[in-house]
Amino acid sequence: MLMILLELNQLKLYYTTIRGVVRAVDNVDLNVEAGEAVGLVGESGCGKTSMANAIIKMLPNNVALYEGRIILDGLNIVDLPEDEVRRKVRWRQISIVFQGAMNVLNPVIKVGHQVAEPLIIHGEMDRDEAYKIAREKMKLVGLHEEVFNRYPHELSGGMKQRVVIAMALVMNPKIVILDEPTSALDVSIQAQIMNLLKKLKRELNISMIFITHDIALASDISDKIAVMYAGQIVEIGSAEQVLISPKHPYTQKLLKATPKLTGEEKPEFIPGTPPDLVNPPSGCRFHPRCPYVMDICREREPRRFEPEKGQKTMCWLYGGET
Amino acid sequence: MGLARTLFMRALTLITVLVLVIFFMVLVLGATGTSDKILQAMVNEEIMMLRQSLAKTIKDPQELERVINIRKQELTEFYGLTKPWYVRLPDMAWRVLTLELGKARTLKTFAGGNKVSDIVMERLTNTIILVTSATVISAIVGLVLGVRIATRVGGILDRLSSYFSAISYAIPTWWIGIILILVFAFLLRLFPFGGLYSTPPPSDPYMKFLDIIWHAVLPVTTLVIASIGVWIYTTRTIVLNTAQEDFVNAARARGLPEELVRRRYIMRVAAPPILTNVILGLATSISGAILTETVFNWPGLGRLFYDAVLVMDEVVVIALTYIFTLVYVVARFLLEVLYVILDPRVRY
Amino acid sequence: MSTRFKEAFQEFWRLNVSKIGVVFLTVLVILSIYVVVSYPLDFGVRYWNNPLYWADYPKSAPPSWVNYFSNEKIPEHYTFSSIKPSNTLLTESGIRLIYLFKLDFQADKTPTFLSLTVKNVTYYDKPVIIRLNVTRPDGKNIELYRYTVPAPYVDESPPYKRFYDQSKRISLTGDLSVASILARFLSREYNVTIKPSEVNSIGQHKIIFSIPKGDTQFTVLKGDYTFYIIVDTYDSRDSVGEVKLVVGGDVYGFMGTDSLGRDLSVGLLFGFPIALFIGIVTSTITTLLGAGLGIMGGYIGGKLDEVIQRTADFVNNIPLLPLLIFLAFILGQNLWIIVFLLVVFGWPTLTIIVRSMVLQLKSGQFIEAAIAIGAPRWWIMFRHIFPQVAPFIFAQLIFFTPTFILLEAALSFLGLGDPTMPTWGQILEYGFRSGGIYVGLWWWIIPPGLLIIWTAITFVLIALGMEPVVNPRLRRMK
């Protein structure tokens, strides 16, 4: 089932700030296949959230550059007028579970209505019908019937996150982007939410883009893992490939920084500071922190090499030929 | 379940405030001897009237003095002047609370009565006319402009309004009123110098209504100028803060039309704090109108207060201080109720 | 600490509002210092609120520079005074002192009044006689007035001293003897018959400075006037301390006068130190009290905090202005009482904010470290917590200042100001109460208001300039 649902091609998203232009997403290529979960992993500030926003064209006011191609259903979202993106893409095709569920619900509207709202607006359904579907989705994510008529402040963090997930599913989208869906939750709740997501993936056969800073968490659900560093995807491959034989030094460091349940190894820190996206380092952006740094790394940006089939990485270590 | 309880608790707090204010006022009145002065004046007045009426029947001066002295003793006893002020305190507080402050010394109702509660009630309407129209105008203009500016942050209008609100923080309202009088009443002769209506007032009710409006233009403008800057600025800030909330962005991500996002996700959420401002503004401007009414000779509570201070009519000063506090506290309570209705977050 | 301060100052100085604010403040301070140094302490009682002092000033006169803007020239105000006679003559009965005052009168209107004042007269033999004559531009001479200094009292022995405690002011305007002299003068010189009472109602000063045109019309006579004050003495030891002749104008000085003739520039100038004093002193006490209570409540907590919080809540829940008026009314109108009242009503806002800031700081590691090494409470509050909130407190101090200046002005405007010290609010109050606005005495109404605004704006500007300095600190603390 090699059906590509979403194709990102040379996607760029730059912002203007007082300090200069921030290259939050820089030449990103990524394919998402039907029913596949892609884990997007990286340190905070590496451009993960910007990428999520770029995909559904939710651009802030200070956008400096937004180009490349986001192909969905034969349409390029980048070129699509805002109004069409709003009507055709958002929620119908792609929905997002935003970071920090605490603040994504309108405090003065009952949660049930908020879940049902897109149906009324996009689906042109009447209220009763929409409510019925919303109730079903809320049940699907494990919420009790009575939550429907509650206000957000009356719910716990975990319940809110479930509401937000139900909300993301309400229009049966093809792709759900989950931006750090569990980061604000207690560990026990985190596990519950992860199990829910796995269940949903299994039962509904939807595609997911799972954004997290926690590579271990990503591995739990993802079929494919993309590692992001300084606005670029530096390594991508199947979850197995990336976890077991990481190619890029950054991925290797990232894995070593993750505590493990078994073994004697202690987690290591990644030396150096995260890169500045306004003035990224020359050549390979990881070179100031890389233990294997070579001369070429400082001068030229690495191309994408494929040391193993299906596993691509942006690192000169694998560029046998010059 | 929690709604009634919350409101009850707030009501209780505010009533406590009211009671404390009265207690405090009474304490000040008693400790400074003002209360003795007032009561003594009441006794003296009654004695004076008694003397006038008795003088016709009792011809013997000695007999007259004797009768009057007895009566004076009774009255002194009755008003509690024989006891120290702190013993009279509860009674005194009750008098303030029920506005049973007796008669004003020099101030009168328009009909000529001098019962304090009558005078106060008569003027209250005029103040309400002035303050509500000014607040409604500032609120509407302030809200519309504030919301507009919030969508164009950093624009000319935005900068102008922030300068304006900074400057209006430094301008005394009453002075604006004086300048308006100087320009529009004295120089251009467009509006009257002050008062509620012309003398004599037009007999036709419609004309009378227009006459009142004509008289209200300058004082209302004064109040509006004084408060509009703050209005625009607060509205702008609240709307702006709300617009930056995650849930607004999330609503956009859900593909909800911008119009709906603005109405249900920004304005609806920004409404309670803005409303707080409206009511609080209303409550403070009722006492703030003291100065504006004074300048425009508007026969409301504020002007009454000024007149009372001017002629040293303590009874009226006390009554008005109490009324102002009462209005303020009631407005605060209404505010709480409305807030609770509008914002589900505080219902616990 | 000092580099931190320097950085903060640089940040502050970067903005134009700060620069303007600081320049304004400097001017305010210089003017205030000038007033404090040069004005007597009892200025309010002795001069400002003493009508006698202002008797020789024109009433409700606009500033003299209005003449530049009008075609019709309004007469200026002339005060001539001399302690030495211009001439002494030996007559058969004694010595005659002659004081000579020349006036080139070019205004299109006649003066508003005429008055003569003598001071410190001493005589030994017969009472001194004082006369006032005038020679007009048309060469006509009028003997206007003749006054004999009061004769010795029974049992009084020479030297007879007169007008030492209080000078003798003779208003020629309104004087009936002058009126009769002028009536005779008019009939003799111009054949105009007019009764002395009519002269009195037209105004003696008007007749002197004009020539009749028909029976009731007068036109201003421009040109050189010479006034002679002639004092006949009968003993060589007799003396006159000072003579003063005032030709009342209808414009005065740079700022004009009020309806009592008070020179507004003098009163307005006096308002500077008072406004600054009330603003800064009240604000400082309020901020220190508010912040102190906030820090104590927040840091110590417990019962103390509870009491402070409840009180703050209470004060915050009552309407400010009516109670302020009530208390100022009951407790009396005194500068210190007003300052006290403003402080009493002003502190809670800051206490509430500072307390919540302290609560956040309290859990900070450096505080816990300080507690761990056994630092005493006051030490922690003073050395660790206070410096953290100090920039914010200082900004609030500046920010509160205009509020207090305006509140005092409001109280003054309602007639609750300290009567011993003229403030801008009081000047406005008198202008309003005496009907100044209804007859358009703009020079009386506009300047005090503008000065209040100017002073308040100065602090608003500085506060605006301080915002970027203080705010990042605030954000960091959150």
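This report describes one helix of chain B and the contacts of chain B with chains A and C in a predicted model.

**Helix α7 of chain B**

Helix α7 of chain B covers residues 173-187. At 1.5 Å a residue, its 15 residues should span 21 Å, and the end C-alpha atoms are 20 Å apart, which agrees. The helix α7(B) nevertheless bends by about 25 degrees at B:I181. B:I181 is also one of the buried residues of α7(B). The buried residues further include B:T173, B:W174, B:W175, B:G177 and B:L182. After α7(B) comes B:R189, which has a positive phi, near 55 degrees.

**Contacts of chain B with its neighbours**

Chain B contributes 19 residues to its contact with chain A, which contributes 22 residues. On the chain B side, the elements giving two or more residues are α9 (246-253) and α10 (258-296). Of these, α9(B) supplies the largest share, six residues.

In the contact between chains C and B, 34 residues come from chain C and 39 residues from chain B. On the chain C side, two or more residues are given by each of α9 (320-331), α12 (377-413) and α14 (442-477) of chain C.

The table sets out the classes of residue on two of these sides.

| Side | Nonpolar | Polar | Charged |
|---|---|---|---|
| Chain B, touching chain A | nine residues | two residues | eight residues |
| Chain C, touching chain B | 30 residues | four residues | no residues |

The side of chain B that touches chain A thus includes eight charged residues, whereas the side of chain C that touches chain B has no charged residues.

Key:
Residues are numbered from 1 along each chain as its sequence is written. Chains are lettered from A and ligands numbered from 1 in the order in which they are written. This is a predicted model: local features need pLDDT of at least 70, side-chain atom pairs count only at pLDDT 80 or more; totals for chains, interfaces and linings use all residues. Helices (H or I, at least four residues) and strands (E, at least two) are DSSP runs, numbered from the N terminus. The expected span of a helix is 1.5 Å times one less than its number of residues. The bend at a residue is the angle between axes fitted to the seven residues ending there and the seven starting there. A residue is buried if 20 or more other C-beta atoms lie within 10 Å of its own, exposed if 12 or fewer, and partly exposed in between; C-beta atoms are placed from the backbone. Two residues are in contact if their C-beta atoms, placed from the backbone, lie within 7 Å. Ala, Val, Leu, Ile, Met, Phe, Trp, Tyr, Cys and Pro count as nonpolar, Asp, Glu, Lys and Arg as charged, and the others, Gly among them, as polar.
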